[in-house]
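Biologist: I am new to this structure and would like to learn how to read it. Could you take me through it step by step?

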Amino acid sequence: MTITSPQNPKIKALLALQQKSSERRKQGLFVVEGQRELQHCIQAGLEVTTLFHQPDLLPALPPNKVPTTYEVTQSVYEKIAYRGSTEGIIAIVRAKPTKLSDLRLKAHPLIIVLESVEKPGNLGAILRSADAAGVDAVIVCDPLTDLYNPNLIRSSIGAIFTVPCVACSSEECISFLDRK
């Protein structure tokens, strides 16, 4: 099926997920744009529920097991794509939030602890550095942005999916670290 109108309900739902953290939390879904970021999602074992693809930009889809795939016209893609240099693929992915109790840390882990990070791009840059440095986990205390913000995903270049990252309160973090 090819979606030709930006007023299509599927496109409106996608835009709501891109623009509203409350919608991402409510549905337990988030949006990923770009082949590299999508590949990181898949490698991290996340479930891709829906794929939107613009065949002029990406003539052949990579092999996938996505239950629902839509082609979109160039004009619709321009409406939903955040980046001008995108590769013609946008996905809706099921969130898999990580809790502190989910972290499996080695005996002497390298952990980055941040507090009240507001700008998603800054957190994305920190995640890229954490990935490059082999950090075992990033703990974000009292975050002012959600971990599935499209700007964070984009700026992390997929590191949000390769470095264990947890959002929690400062009190929860201190209690967790005291036990380690």
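**Reading the fold**

Modeller: Let us begin with contacts between residues that are not close neighbours along the chain. Among contacts with a separation of 6 or more, 73% join residues 24 or more positions apart. Please keep in mind that this is a predicted model.

Biologist: What helices and strands are there in the chain?

Modeller: The chain holds seven helices and eight strands. Its C-alpha trace spans about 55 × 30 × 25 Å along the principal axes.

Biologist: How does the radius of gyration of the chain sit beside that of a compact globule?

Modeller: The idea is to take the number of residues and ask what a compact globule would give. For 180 residues that is a radius of gyration near 16 Å, and the chain has 17 Å, so the two agree.

Biologist: And how do I read the surface?

Modeller: Look at how much is covered and what is left accessible. Of the 180 residues, 46% count as buried. The accessible surface comes to about 9,400 Å², and carbon and sulfur atoms make up 51% of that.

Biologist: How far apart are the mean positions of the positive and negative charges?

Modeller: Here we average the places of each kind of charge. The chain has 20 positive and 18 negative charges, and their mean positions are 4 Å apart.

Biologist: Let us turn to cysteines. How many disulfides does the model have?

Modeller: The rule asks for two cysteine sulfur atoms within 2.5 Å, and the count comes to zero disulfides. Take Cys141: its closest cysteine sulfur is in Cys173, 3.7 Å away, which is too far for a bond. For Cys41, the closest cysteine sulfur belongs to Cys165, at 14 Å, and that is also too far for a bond.

Biologist: Are Cys41 and Cys141 buried or exposed?

Modeller: Cys41 counts as buried because its relative accessibility is 0%. Cys141 counts as buried too, at 3%.

Biologist: Where is Glu37 placed, and is Glu37 buried or exposed?

Modeller: For any residue, I look at the element that holds it, then its cover, then its contacts. Glu37 is in helix H3, residues 35-43. With 2% relative accessibility, Glu37 counts as buried. Leaving aside neighbours within four places in sequence, Glu37 is in contact with Val32, Arg83, Ile153, Arg154, Ile157, Gly158 and Phe161.

Biologist: Which residues does Val166 touch?

Modeller: Val166 is in strand E8, residues 165-168. Not counting residues up to four places away in sequence, Val166 touches Thr98, Lys99, Leu100, Leu103, Val138, Ile139, Val140 and Leu147. Val166 is buried, with a relative accessible area of 1%.

Biologist: How far apart are Val166 and Val76 in sequence and in space?

Modeller: Sequence separation and distance in space are two separate readings. Val166 and Val76 are 90 residues apart in sequence and 34 Å apart in space, C-alpha to C-alpha. Now take Thr2 and Thr73: they are 71 residues apart in sequence, with 7.1 Å between their C-alpha atoms. Beyond residues up to four places away in sequence, Thr2 touches Glu71 and Thr73.

Biologist: Where does Thr2 lie, and what is its relative accessible area?

Modeller: Thr2 lies in strand E1, residues 2-3. Thr2 is partly exposed, with a relative accessible area of 43%.

Biologist: What about loops? Where does Gly88 lie?

Modeller: A loop can be read by the elements on either side. Gly88 lies between helix H4 (74-80) and strand E5 (89-94). Gly88 counts as buried, at 0% relative accessibility. Its contacts, apart from neighbours within four places in sequence, are Phe52, His53, Gln54, Leu57, Leu58 and Tyr77.

Biologist: What is phi of Ser116 and of Asp142?

Modeller: Phi is a backbone angle, and here we look at its sign. Phi of Ser116 is near 55°, a positive value in a residue other than glycine. For Asp142, also a residue other than glycine, phi is positive as well, near 45°.

Biologist: Which loops hold Ser116 and Asp142?

Modeller: Ser116 lies in the loop between strand E6 (111-115) and helix H5 (120-133), and Ser116 is partly exposed, with a relative accessible area of 34%. Asp142 lies in the loop between strand E7 (137-141) and helix H6 (150-156). Asp142 is partly exposed, at 30%.

Conventions:
Residues numbered from 1 in each chain as written. Predicted model: local features only at pLDDT ≥ 70, side-chain atom pairs only at ≥ 80, totals over all residues. Heavy atoms only, no water. Buried < 20%, exposed > 50% of the residue type's maximum accessible area, 1.4 Å probe, protein only. Helix = DSSP H or I, 4+ residues; strand = E, 2+ residues; numbered from the N terminus. Rg over C-alpha atoms; globule rule 2.2 N^0.38 Å. Contact = heavy atoms within 4.5 Å. Areas by Shrake-Rupley, 256 points an atom, 1.4 Å probe, with all protein chains shown as cover. Lys, Arg positive; Asp, Glu negative; His and termini not counted. Charge placed at Lys NZ, Arg CZ, Asp CG, Glu CD.
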